[in-house]
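Trainee: I am new to this structure, and I would like to know what stands behind the words people use for it. Could we look at it together?

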Amino acid sequence: MKRIVSLKLNGRPVEDIIPDNLLLLDYLRERQALTSVKKGCDSGECGACTVLIDGRPRLACITLAASCENSEIETVDAQAKNGVLSPLQRAFHENLGTQCGFCTPGMIMAAEGLLRDNPNPDETEIKTALGGNLCRCTGYVKIIKSVQIAAAESRQ
Ligand code: FES
Ligand code: FES
């Protein structure tokens, strides 16, 4: 079965005909060319595919695109505004929160969801919010520091 889905994607209205069983991850990568949304485990375990749905971090690999009818989806592509990196993007870049970068879009979107709810998280709250996001390159010290620095900058 196919259906028409209407949603807002990175601030723009989108309408598309999709199969009922199309995963949001595949919809974003293959139909919308948003390859920033990474396909890691493809089974809800690594966090690489994290996007915001109505402001909340969600795993696109275990979400049906059809379930996003009338929702607002944000990917890391919506972070920079007019070519200026967001505080999270800049902090990850400047504080070596990124190595190969594969986990970074998911990390940033998970952190973005946290900071919208809690602009002043402590270290435990950051670790909890990023607990479902795995990085195969590094320890997590610089990632957590990047989120702390971005949070401090956003509060100024
Ligand atoms: S690709 Fe979705 S959680 Fe790993
Ligand atoms: S920076 Fe390579 S997986 Fe995290």
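Mentor: Gladly. In this predicted model, isoleucine 53 has arginine 56 as its bridge partner in S4.

Trainee: What makes S3 and S4 a pair?

Mentor: Two strands count as paired when at least two bridges are found between them. Strand S3 (residues 50–53) and strand S4 (residues 56–59) share four bridges, in the antiparallel sense, so the pair meets the definition. Another of the partnerships is that of threonine 50 with leucine 59 in S4.

Trainee: What do S3 and S4 form, and how many residues lie between them?

Mentor: They form a hairpin, with two residues between the strands. In the turn, aspartate 54 has a positive phi of about 50°.

Trainee: How do you know that S3 also pairs with S5?

Mentor: Two bridges join S3 to S5, and these strands run antiparallel. The requirement is at least two, so this pair qualifies too. Here leucine 52 stands opposite glutamate 74 in S5.

Trainee: What covers the case for saying that both faces of S3 are covered?

Mentor: Look at each side of the strand. Thr50 and Leu52 are buried on one side, and Val51 and Ile53 are buried on the other.

Trainee: Ile53 has come up twice now. Which residue in the loop between S4 and S5 touches Ile53?

Mentor: That is threonine 63, which sits in that loop. Leaving aside neighbours within four places in sequence, threonine 63 is in contact with Leu22, Leu23, Leu24, Ile53 and Cys68.

Trainee: Why is threonine 63 called buried?

Mentor: Its relative accessible area is 12%. Buried means under 20%, so threonine 63 falls in that class.

Trainee: Leu24 was in that list of contacts. Which residues of helix H1 are buried?

Mentor: In H1 (residues 24–31) they are Leu24, Leu25, Asp26, Tyr27 and Leu28. These buried residues pack against strand S1 (2–9), strand S2 (12–19), S3 and S5. Just after H1, alanine 33 takes a positive phi of about 60°.

Trainee: Which residue in the loop between H1 and S3 has a positive phi?

Mentor: Aspartate 42, which lies in that loop, has a phi near 65°, a positive value in a residue other than glycine.

Trainee: Why is aspartate 42 called partly exposed?

Mentor: Its relative accessible area is 36%. Buried would need a value under 20% and exposed one over 50%, so aspartate 42 belongs in between.

Trainee: And what makes leucine 96 partly exposed?

Mentor: The value for leucine 96 is 49% relative accessibility. Exposed means over 50%, so leucine 96 still counts as partly exposed. Leucine 96 is in the loop between H2 and H3, and has a positive phi of about 60° although it is not a glycine.

Trainee: Let us turn to the pocket. How do you know where empty space is left?

Mentor: Rolling a probe the size of a water molecule over the atoms shows it. The largest pocket holds about 210 Å³ of space. Its lining has 17 residues, and Ala78, Gln79, Lys81, Glu112 and Arg116 lie nearest the centre.

Trainee: Which element gives the largest share of that lining?

Mentor: H3 does, with four residues. By class, the lining of the largest pocket has six nonpolar, six polar and five charged residues.

Trainee: Why is glutamate 112 called buried?

Mentor: Glutamate 112, in helix H3, has 17% relative accessibility. That is under 20%, so it counts as buried.

Trainee: What makes its link with glutamine 79 a polar contact?

Mentor: The two side chains are joined at 3.1 Å. The limit is 3.5 Å, so the distance fits the definition. Not counting residues up to four places away in sequence, glutamate 112 touches Leu52, Gln79 and Leu88.

Trainee: Which backbone nitrogens does the side chain of aspartate 122 reach?

Mentor: Aspartate 122 lies in the loop between H3 and helix H4 (123–129). A polar atom of its side chain lies 3.2 Å from the backbone nitrogen of threonine 124, and the side chain reaches the backbone nitrogen of glutamate 125 at 2.8 Å. Both distances are within 3.5 Å, so they fit the definition of a polar contact.

Technical notes. Residues are numbered from 1 along each chain as its sequence is written. Chains are lettered from A and ligands numbered from 1 in the order in which they are written. This is a predicted model: local features need pLDDT of at least 70, side-chain atom pairs count only at pLDDT 80 or more; totals for chains, interfaces and linings use all residues. Side-chain values use heavy atoms; hydrogens and water are left out. On a 1 Å grid over the protein atoms alone, a cavity is a set of points where a 1.4 Å probe fits but cannot get out, and a pocket is an open set with protein on both sides within 12 Å along at least five of seven lines; lining residues have an atom within 4 Å of a point. Grid points are joined across faces, edges and corners, and a volume is the space filled by probe spheres set on the points. Ala, Val, Leu, Ile, Met, Phe, Trp, Tyr, Cys and Pro count as nonpolar, Asp, Glu, Lys and Arg as charged, and the others, Gly among them, as polar. Buried means under 20% relative accessible area, exposed over 50%, partly exposed in between (1.4 Å probe, protein chains only). A polar contact is a pair of N or O atoms within 3.5 Å; within protein, one must be able to donate a hydrogen and the other to accept it, and residues adjacent in sequence count only if both atoms are side-chain atoms. Contact means heavy atoms within 4.5 Å.
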